[in-house]
Amino acid sequence: MATDTAIRVASLAKSYGELEVLRGVDLTVARGSITALLGANGAGKTTLVRILATLLRADAGVAVIDDIDVASEPGRVRERISLTGQFAAVDEILTGRENLALVARLRHVEAPRDVAARLLERFGLTEAADRRAGTYSGGMRRRLDIAMSLIGEPSVVVLDEPTTGLDPHARLEVWDTVRALAAAGTTVLLTTQYLEEAEQLAHQVAILHEGRIIVDGTLADVMALVPPATIEYVERRPSLEDIFLAVTGAGTAGPHTTGEER
Ligand SMILES: Nc1ncnc2c1ncn2[C@@H]1O[C@H](COP(=O)(O)OP(=O)(O)O)[C@@H](O)[C@H]1O
Ligand SMILES: [Mg+2]
């Protein structure tokens, strides 16, 4: 039976030897949402998503993807979830098209070259399709990586730190890609160390700290827990919008337009 929950995790525990990384993690991810799993470096984000993707076994607790138990039916879970790792799985020697076609053949999808062509188009990589991936920018490479993870049409896509190491422009490209994924109905769970990334993308935010989810809720719920920002005034060049508001006479708010200064 289909429910509105794409991922359900309860009391999940995992240690590496003496190191208790997950100490009873509870998390639910709504179908079709973007959920950000926030946590510092070493918090256990990768450990958690590797358990969800059946690459690692938990010591205790349950994890369920689309109502299928990760531990008892890993094969069925793998058909529904893809994990894009922190370190891109792209083969630099192959072209973008070849990378996609290779994954399509490995996953036994029909018409692998057509699938590759469609994904290249969807991710804005058609022009670069026949260049070696080694020549791609960071953002293009990450987009290709995400495109590769969509082959076989998983209902849940997990992106482990999709923008770590990217420059600001590439980060924006990846954000747009993630938004487009969710808009097309895919459930996205992404891990990040950046609050700003969660703010930009996520409907739901969960903070992993010392082995547990310490905060879980909508972005508004989580933001309400943070003390209000202190307001600082900084000198900056006017944006086009400021200029537009000034020249159209609409900009009457703010200290720089009160007429008492300058
Ligand atoms: N295979 C492993 N063996 C031993 N310790 C590990 C292993 N993988 C991760 N760790 C440790 O577990 C903790 C959590 O790691 P990880 O899940 O990668 O965190 P994150 O992805 O949030 O940075 C870290 O202290 C890390 O060093
Ligand atoms: Mg990690």
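This report walks through a sheet, the helices lying across it, and two helix pairs in the structure above.

Please keep in mind that this is a predicted model.

**The sheet**

A good place to begin is the open sheet of 6 strands, whose order is β6-β7-β8-β3-β9-β10 with mixed pairing. The edges are taken by β6 (81-84) and β10 (212-218); each has a single partner strand, so one side of each is left without a neighbour in the sheet. On average, neighbouring strands are turned by 15° against each other, direction ignored.

Within this sheet, strand β3 (residues 34-38) and strand β8 (residues 187-192) run parallel and are joined by 5 bridges. If you would like a spot to find by eye, look for threonine 35, which stands opposite leucine 189 in β8.

**Helices across the sheet**

Helix α1 (residues 45-52) lies across β3, β6, β7 (156-160), β8 and β9 (204-209), and runs at about 155° to β8. Because 6 of its 8 residues are buried, α1 is largely enclosed by the rest of the structure. The buried residues of α1 are Lys45, Thr47, Leu48, Val49, Ile51 and Leu52. After α1 comes threonine 54, which has a positive phi, near 70°.

Helix α6 (residues 168-183) lies across β3, β7 and β8, running at about 150° to β8.

**Two helix pairs**

Two packed helices are described by the angle between their axes and the distance between the axes. Here are those values for the two pairs that involve α3.

| Helix pair | Angle between axes | Distance between axes |
|---|---|---|
| α3 (residues 96-106) and α4 (residues 112-122) | about 130° | 8 Å |
| α3 and α5 (residues 138-149) | about 20° | 9 Å |

With its angle of about 130°, α3 is therefore oblique to α4. The crossing of α3 past α4 is right-handed. On the α3 side, the contact is made by Gly96, Arg97, Leu100, Ala101, Ala104 and Arg105, while α4 brings Pro112, Arg113, Ala116, Ala117, Leu119 and Leu120. Sorted by class, the contact of α3 with α4 has 8 nonpolar, 1 polar and 3 charged residues.

Turning to the other pair, the angle of about 20° makes α3 roughly parallel to α5. The crossing of α3 and α5 is right-handed. Gly96, Asn99, Leu100 and Val103 of α3 meet Leu144, Ala147 and Met148 of α5 in this contact. By class, the contact of α3 with α5 has 5 nonpolar and 2 polar residues, with no charged ones.

Notes: Residues are numbered from 1 along each chain as its sequence is written. Chains are lettered from A and ligands numbered from 1 in the order in which they are written. This is a predicted model: local features need pLDDT of at least 70, side-chain atom pairs count only at pLDDT 80 or more; totals for chains, interfaces and linings use all residues. Side-chain values use heavy atoms; hydrogens and water are left out. Axes are lines fitted to C-alpha atoms, for helices over the stretch in contact, and angles run from 0 to 180 degrees between N-to-C directions. Helices (H or I, at least four residues) and strands (E, at least two) are DSSP runs, numbered from the N terminus. Angles under 35 degrees count as roughly parallel, over 145 as roughly antiparallel, 65 to 115 as roughly perpendicular and the rest as oblique. A crossing is left-handed if the near helix is turned anticlockwise from the far one by less than a right angle, and right-handed if clockwise. Contact means heavy atoms within 4.5 Å. Ala, Val, Leu, Ile, Met, Phe, Trp, Tyr, Cys and Pro count as nonpolar, Asp, Glu, Lys and Arg as charged, and the others, Gly among them, as polar. Buried means under 20% relative accessible area, exposed over 50%, partly exposed in between (1.4 Å probe, protein chains only). Two strands pair if DSSP finds at least two bridges between them.
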